[in-house]
Amino acid sequence: MTSRTPRDFRLRLVRPRPLAAAPRAVAQGRSRRPAPRPPEGTPPPAELAGMARARLADAARVARWADTSLGPRRDGATSDGTGTLHDATAERAAADLGLTAAQVRADWDTARLAGLVEVHGDIARPGWRLRAWNRDDSAVLRGWVALFDAWSLAYPEPADREHAAVAEVVSAMPQVLSFLQLSAGPVPVEQLLDLLEQRVTELRTERCEIAYVPPAAPHPYGEKLRATPAGPGTAPAPVQDPAEDTELAPLLDWALDALANVGALTRADGHATLTPLGSWAVWVKLEQICVAAQSPAGNIEQNAEDMLRGCAGLRPNAARAEYRAWLAARPVGSAVTELLDAARGEDALLRGLAFEALRVVGAPAEPDVRAAAEETTLRPYALIWLAEQEGADPEDAHEVLTREEATWLWVDTAAAVADHGEAPLLVRHLESAVQATVPALLDEVRAVGHPRTVQVLVALAAAHPDPALAKAVRRAAFQVHTGGS
């Protein structure tokens with residue numbers, strides 16, 4: 001006679017493995033594109049990071065002051081939810097740091113653009129890059145590149161210029177910067193102006209805009225007079241776009257000054273020259289375009305869900321290259337939205353892969369991921385992602401989860417393995433549970449309420465070679481299915 005109570009099967013305690021471990025078991029492809037090398041003469045990353053630290057030293061100083069002086073939640077840092085420093089806070093920082101309030105505000109704005117400070121409503125907190133500032137050169141360089149990308153925000157635009165013309169110049173500057181980078185030396189500003197004018201003309205042509213001519217007002221004497229031509233060969237007068245009347249030379253001066261302000265170039269004797277940091281950053285941007293154009297697995301045109309399915313069989317490095325290519329071809333905001341929408345679907349494997357892609361996005365995805373942490377389905381993934389962004393070791397990031405959240409993630413991972421992996425992998429996944437025994441695991445799995453619990457338990461029972469353990473798991477699946485105990 002056999003007992004109806006499951007035996008106390010002991011589980012070997014191991015670190016919980018993230019969902020990303022599942023696709024590794026079925027990975028097939030390899031990345032075919034070798035790691036690109038920067039142009040000859042580019043300083044090594046450590047030297048570039050030193051330049052970036054020097055350029056952002058004042059911003060980092062204000063960010064550290066805010067970290068230590070504004071309380072645990074940094075209340076009172078901002079006054080209107082826009083990130084502008086509160087007057088009283090600016091005066092206090094100026095007194096403590098020996099600066100003027102205007103200098104503090106400028107450094108604060110730079111810190112925000114570089115990701116050293118993050119503002120949520122009227123509360124500011126230190127960014128993850130500030131935490132990694134002294135130990136992680138890549139974090140420092142990413143912070144400076146974020147400032148470089150925001151050059152048009154870091155330096156006030158001319159107040160007396162058409163906004164449309166300013167926007168055209170901002171859109172055209174990447175080509176000007178690419179020319180500077182390829183020239184690898186000083187370039188006359190007059191030559192840059194010619195290039196800028198050509199590019200702006202191309203942008204206007206690409207828009208194919210037709211000037212809008214408002215219809216004539218009804219004439220009190222009817223159609224006859226309205227149809228009378230003004231004279232032989234007379235044509236309607238074209239409507240001139242105000243932006244087309246704007247001189248581009250002053251706007252080029254503003255753009256070059258703004259880029260010099262963030263440390264991307266220098267100006268002297270009517271010439272502009274990229275700094276080593278600026279040259280490296282432009283090369284990085286050009287390389288991203290090349291990556292986007294040479295998507296390793298050809299998924300660049302797919303939506304997020306199809307792209308993630310296409311990456312499921314790739315090795316981790318090849319998958320990350322595919323994520324980078326897909327992301328480089330899209331605005332960050334819409335890409336993050338697409339990835340989170342894919343993560344909300346029924347396929348647990350896509351959920352894990354979506355957060356792997358979000359790791360490639362990095363800090364710009366944080367507000368959306370933080371909001372996603374309020375959703376039961378995404379919460380464990382989001383909490384681990386946030387912990388890693390805040391500097392936690394990826395091997396230990398799972399420790400931020402509660403026991404219930406860890407169990408929910410275990411079931412979700414098992415669902416991914418059951419759908420896409422092999423039976424031995426599902427059996428090995430049993431060892432990653434945080435519970436010490438099978439009965440304890442089954443009790444908590446039944447209590448956590450994951451929608452795939454029954455399917456996971458049935459698959460595990462079918463895969464496990466121990467008949468007694470398989471029987472206990474099948475019984476638990478039956479109890480979950482019937483609502484029994």
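## A walk from the sheet outwards

Pro-188 stands opposite His-271, which belongs to strand 5. That pairing is a handy way into this model, which is a predicted one. Strand 3 and strand 5 run antiparallel to each other, joined over two bridges. As general background, strands of a sheet pair through backbone hydrogen bonds, and they can do so parallel or antiparallel.

Zoom out a little and you get the whole sheet: three strands, in the order 3-5-4, forming an open sheet with antiparallel pairing. Strand 3 and strand 4 are the edge strands, each pairing on one side only. Two helices pack on this sheet. Helix 9 touches strand 3, strand 4 and strand 5, and its direction makes about 80 degrees with that of strand 5. Helix 12 touches strand 4 and strand 5, with its direction at about 125 degrees to that of strand 4.

Now look at the loops that lead into and out of these strands. Ala-184 sits in the loop between helix 9 (163-183) and strand 3 (187-188). Its phi is near 55 degrees, a positive value in a residue other than glycine. Is Ala-184 buried or exposed? Its relative accessibility is 72%, so Ala-184 counts as exposed, because the cut-off for that label is over 50%.

Asp-269 tells a similar kind of story in another loop, the one between strand 4 (265-268) and strand 5 (271-274). Asp-269 is not a glycine, yet it has a positive phi of about 55 degrees. With a relative accessible area of 76%, Asp-269 is exposed.

Next, the aromatic residues. The structure holds three aromatic pairs. Take Trp-144 and Phe-148: their rings are stacked, 5.5 Å centre to centre with 15 degrees between the planes. Both residues lie in helix 7 (residues 137-149), four residues apart, which is about one turn of the helix. Why does that spacing suit a pair? An α-helix has 3.6 residues a turn, so residues three or four places apart point the same way. As for cover, Trp-144 counts as buried because its relative accessibility is 0%. Phe-148 is buried too, at a relative accessible area of 5%.

Trp-151 and Trp-254 form another of the pairs, this one tilted, with 5.4 Å centre to centre and 50 degrees between the planes. Here the partners come from distant parts of the chain: Trp-151 is in helix 8 (residues 151-154) and Trp-254 in helix 12 (residues 248-261), 103 residues apart. Helix 12 is the helix already met above, packing on the sheet against strand 4 and strand 5. Trp-151 is buried, with a relative accessible area of 7%, and Trp-254 counts as buried at 5% relative accessibility.

Helix 3 (residues 57-69) is a nice one for checking geometry. What span should its 13 residues have at 1.5 Å a residue? The expected figure is 18 Å, and the end C-alpha atoms are 18 Å apart, so the two agree. The buried residues in helix 3 are Ala-59, Ala-60, Val-62, Ala-63, Trp-65, Ala-66 and Asp-67.

A couple of other spots are worth clicking on. Gly-41 lies in the loop between helix 1 (21-25) and helix 2 (45-55), and it counts as exposed because its relative accessibility is 72%. The C-alpha atoms of Gly-41 and Pro-276 are separated by 8.9 Å, though the two residues are 235 residues apart along the chain. Ala-101 is found in helix 5 (residues 101-113). Leaving aside neighbours within four places in sequence, Ala-101 is in contact with Ala-90, Glu-91 and Ala-94. Ala-101 and Thr-89 are 12 residues apart in sequence, with 9.1 Å from C-alpha to C-alpha.

Finally, the chain as a whole. Its secondary structure comes to 24 helices and five strands. Of the 485 residues, 44% are buried. Among contacts with a separation of 6 or more, 69% are between residues 24 or more positions apart. The protein chain exposes about 25100 Å², and carbon and sulfur atoms supply 54% of that area.

How values were computed. Residues numbered from 1 in each chain as written. Predicted model: local features only at pLDDT ≥ 70, side-chain atom pairs only at ≥ 80, totals over all residues. Heavy atoms only, no water. Buried < 20%, exposed > 50% of the residue type's maximum accessible area, 1.4 Å probe, protein only. Phe/Tyr/Trp six-rings, centres within 6.5 Å; stacked < 30°, edge-to-face > 60°. Expected span 1.5 Å × (residues − 1). Contact = heavy atoms within 4.5 Å. Areas by Shrake-Rupley, 256 points an atom, 1.4 Å probe, with all protein chains shown as cover. Pairing = 2+ DSSP bridges. Axes fitted to C-alpha atoms, helices over the stretch in contact; angles between N-to-C directions.
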